[in-house]
Structures are given as structure tokens and as C-alpha cells.
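Before the terms used for a structure are accepted, it is fair to ask what stands behind each of them. Please look at the sequence and the model with that in mind.

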Amino acid sequence: MYFGADYHPEHWVWPYAGTPEEPESRWERDAQLMVAAGVNVVRMGEFCWGLYEREEGKYDFDWMRRVMDIMKAHGIQVVLGTPTAAPPLWLARKHPEILPVDENGLILHEGTRHAYSMNSDVYWEYSRKIVTALARALGQHPALIAWQIDNGIGGHGTEFSFNEESRHDWHAWLKAKYETIENLNNCLGTRFWSQLVSDWSEVPMPMRAPTVHNPALLLDWMRFASDTCVSYVRMQADLLHELTPHVPVTTNLRALSRHYDHFDMAEVLDFVSLDSYATLKNQPAENAVEFDIMRSLKRTGIRTPDGEGGFWVIEQKAGNVNWQEVNSLLRPGVVRLFTYQLVSRGATGVLYFFWRSPRIGSEKFYGGVLTHDGRGDNRVYREICQIGEEMKLLAPVLKGTRVVAETAILYSHPNTWALQFPMQPNRHFKQREHVMLFYRALHDRNLAVDFVRPPTTDEDSEALARYKILFAPSLHLLAGGEADRLKLYVQNGGTLVATCNTGLVDEHNIAPDTGYPHDLIDLFGLEVQEFDPIPPDAENHVVFKGTFPASHLYSARLWCDIIEPHECEVLATFSQDFYAGRPAMTINSYGLGRAIYLGTVFPPAFYLDLVAWLRQLCNLHPLLKVPETVEVSLREKDDLRLYFLLNHQATPVRINFLKPMHDYLTGNVFSGSYDLPPHGVLVLDEKVAKPA
Ligand code: GLA
């Protein structure tokens with residue numbers, strides 16, 4: 001288990017720390033405080049290009065080597081960032097063409113970070129040079145265990161750039177995909193509004209225009225921009241693999257909020273890392289979903305420094321952030337609670353952002369492990385010390401354990417992008433909220449969930465087969481081949497739950513002429529003939545037929561499909577409007593499995609009923625029986641089942657143990673009732689004797 005902090009030694013030299021005689025003397029003190037907190041890894045250097053290369057070609061990595069030597073001497077290992085997220089000012093002055101151009105055609109100037117276009121050949125060239133120099137200088141250092149490529153790729157909206165070089169790359173990308181102009185015109189439907197092109201060079205970039213761009217073109221632009229981000233990271237990964245084959249590479253992703261395909265990105269990394277902003281959300285499911293997504297991005301070929309699976313949280317905010325309107329402190333015990341939430345969902349490394357609140361720069365009021373004074377007697381530092389102690393205790397038990405899910409949610413970036421474009425049937429229908437209705441219900445019933453892309457290969461189909469239930473909330477875009485593999489999944493005994501807004505377009509964002517949901521009409525045994533988007537302040541109602549155990553009367557919101565049932569069994573109907581009596585929920589047997597269709601959006605409580613019903617129907621294994629406000633998750637290995645119980649409330653919660661359970665943190669055996677304190681944590685197994 002890696003436990004550590006994001007350290008910025010460049011902030012802590014004279015005149016901000018140290019003395020004129022010994023300008024770097026603070027580093028030693030920091031290492032001592034780290035050891036006392038149980039830190040065994042630091043990430044450093046992600047913004048240091050301007051310090052490594054103050055003048056072009058004149059490198060100075062010695063200061064970083066000195067920091068690494070100190071870390072090594074204290075038994076602390078190092079992840080080094082490649083510093084390309086913050087190019088030096090001289091580079092932008094010399095080559096202003098590297099600066100990104102936004103959709104309005106305006107240059108984003110130098111002076112902060114991320115001021116580069118990933119389509120710039122010059123930037124690629126300079127990136128190669130600095131990464132090579134860094135790897136040659138420090139790649140054999142005995143403290144180095146991993147590289148982090150760049151930092152926050154695509155941050156500050158820089159996934160897209162509208163430079164002339166981007167235009168050139170865009171045309172080359174389209175040419176490779178469509179081969180002929182005629183094919184491009186057909187696949188993108190350019191007859192609409194007279195957008196036919198007769199030469200590759202005519203294809204526009206979707207820059208600011210009087211009105212919306214062609215949705216097929218927009219979707220390809222998103223794919224192109226994603227491929228650009230991924231290939232920039234791949235370029236650095238390839239270089240590092242060549243220069244330091246023994247050192248795995250990662251980069252810090254941000255769960256689904258950046259505009260590139262996170263699954264594609266994970267493929268070029270040896271292991272996945274996440275920046276967690278679990279400072280903001282009060283609903284534990286809002287944090288948990290991000291961790292489950294990150295765990296799901298990479299399943300095979302994971303190469304972490306210690307050979308464990310899972311993912312790392314390379315930035316877990318240690319305190320307050322600095323970019324909300326009011327940046328309140330995290331309450332005592334909450335960083336600890338978040339840390340356990342990460343670990344319980346599969347994290348095998350957790351590093352706090354950052355080690356100490358800097359005295360300089362725009363993040364000076366961001367909460368660090370240490371406060372500005374650096375003394376190490378502050379509240380957060382003490383809490384981190386406690387967690388550090390506990391992690392040492394747990395590390396041997398956690399080794400080799402992993403999260404195993406029996407359910408999965410289908411998720412694809414092209415689908416999300418398509419749903420985010422303007423001119424949707426209902427702009428109040430938000431895919432993320434729709435996904436969260438399912439996720440929250442599964443989470444609140446303590447069922448583990450993975451996220452998977454719709455299947456396109458035999459390997460994908462094999463991986464899907466292990467899930468008892470697949471949820472497909474608003475799978476609006478269904479690409480050729482995906483539908484067939486979903487049918488295969490059900491045919492072989494799986495249960496698929498799909499919803500309104502499924503199969504309305506193909507992979508080119510073009511509507512089908514074969515009815516909705518396209519290519520899945522036989523699977524669900526129904527056809528959606530029309531759909532009726534309804535405003536947020538209106539609703540229809542649903543009447544259940546008896547098979548489905550609804551605990552309440554439920555309304556139908558935002559979207560009502562008008563369904564013509566074929567072979568399916570109708571479980572519920574709408575009760576109002578001209579489609580009163582038409583199906584709102586159906587089930588269809590197909591091969592050995594079943595396909596369930598929800599033709600509307602229900603209130604949150606419905607999804608709890610749905611999960612309870614499916615649990616019976618599909619024989620899902622419940623975890624422990626605990627009160628609703630306690631989050632339970634499981635990491636397992638062979639015959640070890642390690643339960644994490646987390647109280648996300650600021651008040652105690654009573655737990656009744658039906659059988660004795662052993663807590664690794666206190667060594668206690670619990671039976672009968674126990675009051676889990678506010679923000680309290682238990683790490684339990686069923687072995688009653690304390691393990692050696
Ligand atoms: C990201 C970056 C950090 C920092 C934080 C601020 O996580 O990687 O450098 O700027 O955002 O929230």
C-alpha cells in the first residue's frame with residue numbers, strides 16, 4: 001500500500017524556507033515529518049520545466065536529485081512528473097505557435113499552465129527533449145518508482161485547440177477514417193444545410209459559428225480531440241518505456257469530466273491514477289462513483305510499482321480547495337473517512353494534495369497536510385499521522401485483495417458527447433443524473449458496480465459475461481456491432497436493463513430508419529414509436545401491474561416513450577395523456593436471459609425498488625445488513641472477505657452484528673450492537689481470532 005503526498009520541494013527553498021546559507025535545508029525536515037506520518041511515497045516535479053531548463057538546452061536536474069537522495073535516505077519513494085504541463089516562458093516567446101487557440105479564434109497566452117496545443121509539432125519536439133533529458137538524468141535514481149505523464153491532461157479546457165496545425169491534423173484524421181470525400185459526405189450527412197465538401201481542406205473545425213455545427217461532424221471532432229490527447233500521452237509513455245523500461249507510467253485523470261476517452265487513455269498507461277476532489281460532495285455516492293469508474297478503466301495489464309492491482313489516487317485533497325465561492329474546511333475525521341472510501345473501492349496508493357500549503361502562487365490558500373507555518377502540529381497533519389499508522393497496519397491484509405462486482409453500468413464517451421450537444425429532445429434530461437439514479441440505488445444498497453464500455457470485441461463479450469446484470473441508462477448512441485453483442489449477453493443468460501433514449505442514433509450520430517431502439521427491437525420485444533419529452537415541472541404517472549413490487553406510487557418525468565409492445569410482458573403503464581395505458585416498463589425473455597425496458601425516468605425511490613427486485617431475480621449476494629446511512633464495501637482474496645463500514649454522517653450510527661466480526665483497526669471483536677462514531681470507520685472480517 002502506497003501512502004504519501006504531493007510534494008513541491010521547489011516551493012521550499014530560500015527565501016520561502018531554509019536559510020541564505022542553507023537554502024535547501026527545509027527538505028530534510030519535510031522528509032522527517034513525512035516519515036513520522038507514515039509517508040512512503042511522494043510525487044514531485046510536475047510543474048518544474050522552467051526550473052530544470054531556465055535557458056534553452058541548459059539543464060539542471062541536480063537539485064531534484066538532491067531531493068530524491070533525501071527521500072531515499074528516509075525510505076520514501078518517488079513518482080516524478082514529466083513537467084510538460086507548465087512549459088517555460090522562453091518557449092512560448094520563441095515559438096508562439098505552440099499556444100492554443102480557442103473556438104473563438106483567440107490565443108490563450110502564456111504565463112500560467114497548460115498553454116500549449118497538443119497538435120503542435122514544435123511542442124511535441126520540445127516535450128520529447130525535456131522528457132528524454134529528465135529520464136536520462138533521473139530515470140535510474142533508486143528512489144524512482146513511477147512516472148506521472150504531464151499533469152491533468154486537457155485541464156482548463158485545453159483538450160481542444162483550433163490552431164492551423166490542429167486543422168491540418170483534423171483533416172489527416174478524417175482522411176484516415178473515411179478514405180474518400182464521398183464517404184465522408186455520406187457518413188456525416190453533409191447534405192444538410194449545404195455542408196457538402198469537395199476537398200479535405202474544406203472540412204471545418206467546429207469553431208464559433210452563427211448556430212450549431214453538424215452533430216456528426218461534432219462527434220468526430222470530439223473523437224479527434226480525444227485521440228490527440230491520448231497520442232500525446234502515448235508519445236511520452238513510449239519514450240519513457242524505451243528509456244526506463246523498469247519504471248511504470250501513469251497520469252492523473254479526473255473521473256469523466258475531461259473531454260477525452262478515459263478508457264482509451266487507460267490503455268496507454270501502466271496503471272490509472274485519479275485526482276479526487278472528495279472535499280465537496282456530501283452524498284457519498286457522488287464520490288464513490290468516481291472511484292468505481294477509475295477502478296473500471298483498466299482491468300488487464302495493470303503494472304503498478306508494487307505489482308498490486310487497482311488504481312492510485314495521486315491527488316486526494318487534504319483540506320479545503322481554493323476554487324469554490326466558500327472554501328470551507330474539511331471537518332475532523334473526514335479526510336480519514338475519504339481515505340477509507342478510496343481504499344475500500346480498490347485504491348492501492350493514496351497521496352494527499354499537497355504536502356504543505358504554499359506561500360507563493362495562486363494556490364496559497366489551498367489546504368495542505370501542513371499549514372503555511374510548516375511546524376507539523378496542525379490538525380490535518382495529526383489526522384494524516386493517524387491514517388498513516390493505520391495503513392501500515394492494514395497493508396499486509398490488503399495485499400492482493402480486490403473489489404469484485406456482479407453488476408455493471410454501460411458507459412461510453414461518444415454516447416456522452418452526443419448527448420451533450422445542443423438541440424436534444426429535452427435539455428433538462430441529463431445523462432449523468434440518469435446514470436446516477438441507477439448508481440445511487442446500487443451504492444445505497446451496498447452492491448459493487450463496475451463501469452464498462454459497450455462491447456465491440458470477443459474479449460469484451462467474455463468480460464461482460466461475468467456480470468449478472470448490466471444497466472444501460474440512456475444508451476442513445478449505439479454503434480454497429482454493439483447491439484449484437486448485447487443480444488449475445490442476454491442470450492447467454494444475462495439481464496440487461498435499458499431505458500428511454502436508447503438506440504436513437506448510430507455511431508455517426510445519424511437517426512435510424514428501422515425504428516427505436518435501433519437493432520434492439522427484438523431483444524426488448526417492443527418498438528418505441530415516438531417519445532414525448534416533458535418539462536421539469538410536469539409529470540405523467542405510472543401504474544404497476546403486480547409482478548413488479550412497487551413500494552410507492554411513482555410519477556414519470558422528463559421523457560415518456562410511446563411503446564408498441566410485441567413479445568414483451570408489460571410491467572407498468574402510463575396513466576395519463578394520449579398514451580395512457582401504453583407500456584412504461586416491460587420485461588422480455590430472450591434466450592436464457594431477460595431484457596428489461598424502462599420507458600421513462602422515475603423518481604429516485606423507484607430505483608431502490610428496482611434494485612431490490614433484481615437482487616431476488618438475479619440472485620445477487622448482499623453484503624452485510626447495516627443501517628442505510630452506512631456505506632459498506634468489500635475487498636476480497638481467496639477466503640478473506642474484508643468489509644469496510646463507513647459512517648458518512650456527523651452523528652453516530654448503531655450497527656447490530658448478527659455474527660461476531662473482527663476489526664483490524666482496533667483488534668476488537670464486535671457482536672451485538674455497536675455505535676459507529678460520526679465519520680467512523682471499521683475494517684472487518686468474519687475471523688474472530690485476531691490474525692497473527
Ligand atoms: C489539479 C491539479 C493540481 C491543483 C488542483 C487544484 O488536481 O493537478 O495541480 O491545481 O487541481 O484543484
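The questions and answers below concern a predicted model and take up its ligand site, its helix packing and its backbone.

Q: What makes a residue count as one of those around the ligand, and which residues are they?
A: A residue is counted if one of its heavy atoms lies within 4 Å of the ligand. The residues around the ligand are Phe47, Arg113, Asn151, Asn252, Asp275, Tyr277, Glu315, Lys317, Trp323, Phe353, Glu363 and Tyr366.

Q: How do you know that the side chain of Asn151 makes a polar contact with the ligand?
A: A polar contact is a pair of N or O atoms within 3.5 Å. An oxygen atom of the ligand is 2.7 Å from an N or O atom in the side chain of Asn151, and the pair therefore meets that limit.

Q: Which distances place the side chains of Glu315 and Glu363 in polar contact with the ligand?
A: For Glu315, an N or O atom of the side chain is 2.4 Å from an oxygen atom of the ligand, and for Glu363 the distance from such a side-chain atom to a ligand oxygen is 2.4 Å. With the limit at 3.5 Å, both therefore count as polar contacts. The protein, moreover, covers 93% of the 310 Å² of accessible area that the ligand has on its own.

Q: How does the shell around the ligand divide into nonpolar, polar and charged residues?
A: The shell consists of five nonpolar, two polar and five charged residues.

Q: Why are α5 and α8 called roughly parallel to each other?
A: Helix α5 (residues 121-138) and helix α8 (residues 215-243) pack at an angle of about 30 degrees, and their axes are 10 Å apart. Angles under 35 degrees count as roughly parallel, and the term therefore applies to α5 and α8. The crossing in which α5 passes α8 is right-handed.

Q: Why are α14 and α18 called oblique to each other?
A: The axes of helix α14 (residues 431-444) and helix α18 (residues 604-618) come within 9 Å and cross at roughly 55 degrees. This angle is not under 35 degrees and does not fall in the range of 65 to 115, so α14 and α18 are oblique to each other. Here too a handedness is assigned, α14 passing α18 in a right-handed crossing.

Q: What makes α8 and α13 oblique to each other?
A: The angle between α8 and helix α13 (residues 413-420) is about 135 degrees, with the axes 10 Å apart. Roughly antiparallel would require an angle over 145 degrees and roughly perpendicular one of 65 to 115, so α8 and α13 count as oblique. Their crossing is right-handed.

Q: Why is the backbone at Ser474 worth noting?
A: Most residues other than glycine have a negative phi. Ser474, in the loop between β12 (469-472) and α16 (482-491), is not a glycine and yet has a positive phi of about 35 degrees.

Conventions
Residues numbered from 1 in each chain as written. Predicted model: local features only at pLDDT ≥ 70, side-chain atom pairs only at ≥ 80, totals over all residues. Heavy atoms only, no water. Polar contact = N/O pair within 3.5 Å; in protein donor to acceptor, adjacent residues only side chain to side chain. Areas by Shrake-Rupley, 256 points an atom, 1.4 Å probe, with all protein chains shown as cover. Nonpolar A, V, L, I, M, F, W, Y, C, P; charged D, E, K, R; others polar. Axes fitted to C-alpha atoms, helices over the stretch in contact; angles between N-to-C directions. Helix = DSSP H or I, 4+ residues; strand = E, 2+ residues; numbered from the N terminus. Left-handed = near helix turned anticlockwise from the far one by under 90°.
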